[in-house]
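These are my notebook entries on a single protein model. I began with one residue and worked outward from there.

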Amino acid sequence: MTAGVGDQWTARRVRAGALAGCGVIVLAGCASMPDSGGMQSVEASQRPDSQVRVFALPPRDDVGPSSIVDGFLDALTGDDPSYAIARKYLTPKAAKSWQPGQQTVVLDDAPHPRPTGRPDAAEEGQFFEVTGSQVALVDKRQAYQPKEQTYRAGLHLTQVNTAKGKQWRIDMLPAGVMLSASDFQRIYQSVNKYYYADAPQTGSHEEPRRLVADPVFVRQWTDPLTETVREVLRGPTSWLQPVVRSAFPAHTALKSGVKSLAPDDTNKLVVPLNKSADGVSPSACKEMAAQLLYSLDDLSSAGVEEVELQRSDGGLLCALGDNGAQALAPRTSGRLDDQYFLDAKGRLVRMPGKSSGTREPERVPGPLGEGEQVLRSIAVSRDQERAAAVSNTGHALYVTSMVSGASIGDPVVRSTAKKEKDGFSTPSWDGRGDLWVADRDPKEPRLLMFGQGMADEQQEIPVDGLAADARIEAVKMSADGARIALIVTEKDRTSLRIGRVERRADGDGGVVVSVAGLRSAAPQMESVTAVSWAGGSRLVVVGREAGGLQQIRYVQCDGSAPTGQALPGLTRVSEIAASEDDGLPLLAHSDDGVVRLPSGTAWQPVLKDGTAPVYPG
């Protein structure tokens, strides 16, 4: 809320809460109904409760321009997606032309309006400037992008004739809306919509279907299920679009007249589509249904277990349940619950997963477990048949089988870095079976990829948007192979960047790979130490803000901060690992050795002298 300038500020919010299953609407200036206890007044400076509905009130009669501006800004924080009340503060012409969905500017605090006077004596209107500290921008595709800068926008008011006489109204304003970060978090929730990784087929083997998470923000109070379906049909966000495809034909939308969707008593969701989808094949239809099922599965309130797609005439296109979606495009690739790390002698050991009865570390079979080469870091392939390992000096990268009797062989590549702290980063496998690593040699920094982990399939990967003096310190690939997390040092700042992994056929049966579209994923952190993917769009990051202490937190790959419980701290964490399965514990290397964090508990010791904890990937 914003305080009025000139006229006395009057509350314009109505908050609705749920009480014993009955809808309760409270009208008392600015008041709320909590889950228990009596009605409470809410001061303008208080952070809005995320469980409180907010409804705007229309403008009062015979108030000055300052009250109209305040009321309009307050109406933007309401739970009406059509902004019907906010439009009442505009002239009829402005109300018709205003495009609130064009963008959402997220400010660190409420927008601050101030009158800036009239242009000349003959002008009867009033100008206002609205300012704030911008932290992010949400575009018309509901995609979030961190963007820190000073925000300034102009409003102009004039007097119009109404049934109640002349009233002040806004006749000029910017497209889109502006919200404080707290209001944005109250109104919106992050949802992953899913598309298929679009990798070129080289003829050597058929690529399995891999779904890629594309996070967007939908309103959590006004039919988020239907809004999520509409966003999936609209296609991927512009950032992700170059590396994914949608199974839905172009221009597919909900059938005309369909305003809202809801699952039936058996948790089946019927989705009527327009004519653009009438001719799809059964296999394409099931791909479409899988996209929706996975997207709605991330929407915890949906409860959808089956999707039925209908033609424009009401006929059945196809139906798909959770089991069918998992068979068509598995959410995870293989069994990923085993936990790996290095013991005090630099040997690869494993903590067996949930299916095993033992909870003691055991050495893996093969040369890495036998200590044939002392190791510094490791990465286990997702099928858990091979491992990549960096020597203790950081100068050699090995790839070998994890079977008894296998030989470690020659390094697939060597670094010419002079210092041990340079050399190779911890390697990372993607879901395609390709191996990635950064060579941190100051004289020749480079990002390398080995197709299927093979030495003769080595590519040096160009990274578009990386400054000439920047160096990649760490690499972590997403399971889908479409995105890459990079810790990058540039000048005095070590930051987390997310890039798209773009692949194209080279005409000779091969694939040329590059990284593009770098964007910040933890803009509030001045120094990032370690990172791991922790789901489709979530990462766990170790770092610190300017002047602050080291902390462990979750971030989204679009740069937004997910809401939820903060992670307990550790002393001097140097490595972190998470699984795609959020039911598995976090792993970390700290002053206490290798430790793990099962859900809802404190950090627990695993191996005092252990290092380099990882899950497969």
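Which residues is V271 in contact with, leaving aside its neighbours within four places in sequence? I worked from a predicted model, and in it I found V271 in contact with V229, L254, L261, L292, V307, E308, L309 and Q310.

**Entry 1. Nonpolar cores.** I next looked up the core around this residue. V271 is one of the residues with the most contacts inside the largest nonpolar core, which has 61 residues. The others listed with it are L225, V229, L273, L309, L496 and L539. I noted that helix α6 supplies the largest share of this core, nine residues. Apart from this core I found another, of 38 residues, among them L107, M178, F184 and F217. I kept in mind that nonpolar side chains tend to be buried together in soluble globular proteins.

**Entry 2. Aromatic pairs.** How many aromatic pairs does the structure hold? I recorded seven. One of them joins Y194 and Y294, with the ring centres 6.0 Å apart and 55° between the planes, and it is classed as tilted. Because Y194 lies in strand β12 (residues 188-197) and Y294 in helix α6 (residues 282-297), this pair ties together parts that are 100 residues apart in sequence. Are Y194 and Y294 buried or exposed? I found both of them buried. I also traced a cluster in which ring pairs link Y144, F184, Y188 and F217. Two of its members, F184 and F217, I had already met in the core of 38 residues.

**Entry 3. Charges over rings.** I looked up two arginines placed over aromatic rings. The charged end of R538 sits over the ring of Y554, at 3.8 Å from the ring centre. For R500, the charged end sits over the ring of W239, and here I noted 5.6 Å to the centre.

**Entry 4. Helix α1.** How many residues of α1 (residues 65-75) are buried? I counted 11 of 11, and the helix is described as mostly covered. The buried residues include the charged-type positions D70 and D74 as well as I68, V69, F72 and L73.

**Entry 5. An open sheet.** I then followed four strands that form an open sheet in the order β21-β22-β23-β24, with antiparallel pairing. Which strands are at the edges? They are β21 (375-380) and β24 (413-414), each of which pairs on one side only. Between β23 (residues 396-401) and β24 I found two bridges, in the antiparallel sense. Within this part, L397 stands opposite V413 of β24.

**Entry 6. E372.** Where is E372 found? I located E372 in the loop between α8 (367-370) and β21. E372 is partly exposed, and its relative accessible area is 47%. Not counting residues up to four places away in sequence, E372 touches P367 and I408. I also looked up its distance to R347: the two are 25 residues apart in sequence, and their C-alpha atoms are 8.4 Å apart.

**Entry 7. The whole protein.** I closed with the totals. I recorded eight helices and 40 strands. Of the 617 residues, 53% count as buried. The accessible surface comes to about 27,200 Å², and carbon and sulfur atoms account for 47% of that area. Among contacts with a separation of 6 or more, 56% are between residues 24 or more positions apart.

Key
Residues numbered from 1 in each chain as written. Predicted model: local features only at pLDDT ≥ 70, side-chain atom pairs only at ≥ 80, totals over all residues. Heavy atoms only, no water. Buried < 20%, exposed > 50% of the residue type's maximum accessible area, 1.4 Å probe, protein only. Contact = heavy atoms within 4.5 Å. Areas by Shrake-Rupley, 256 points an atom, 1.4 Å probe, with all protein chains shown as cover. Phe/Tyr/Trp six-rings, centres within 6.5 Å; stacked < 30°, edge-to-face > 60°. Lys NZ or Arg CZ within 6 Å of the ring centre and 35° of its normal. Core = buried A, V, L, I, M, F, W, Y, C linked by side-chain atoms within 4.5 Å. Pairing = 2+ DSSP bridges.
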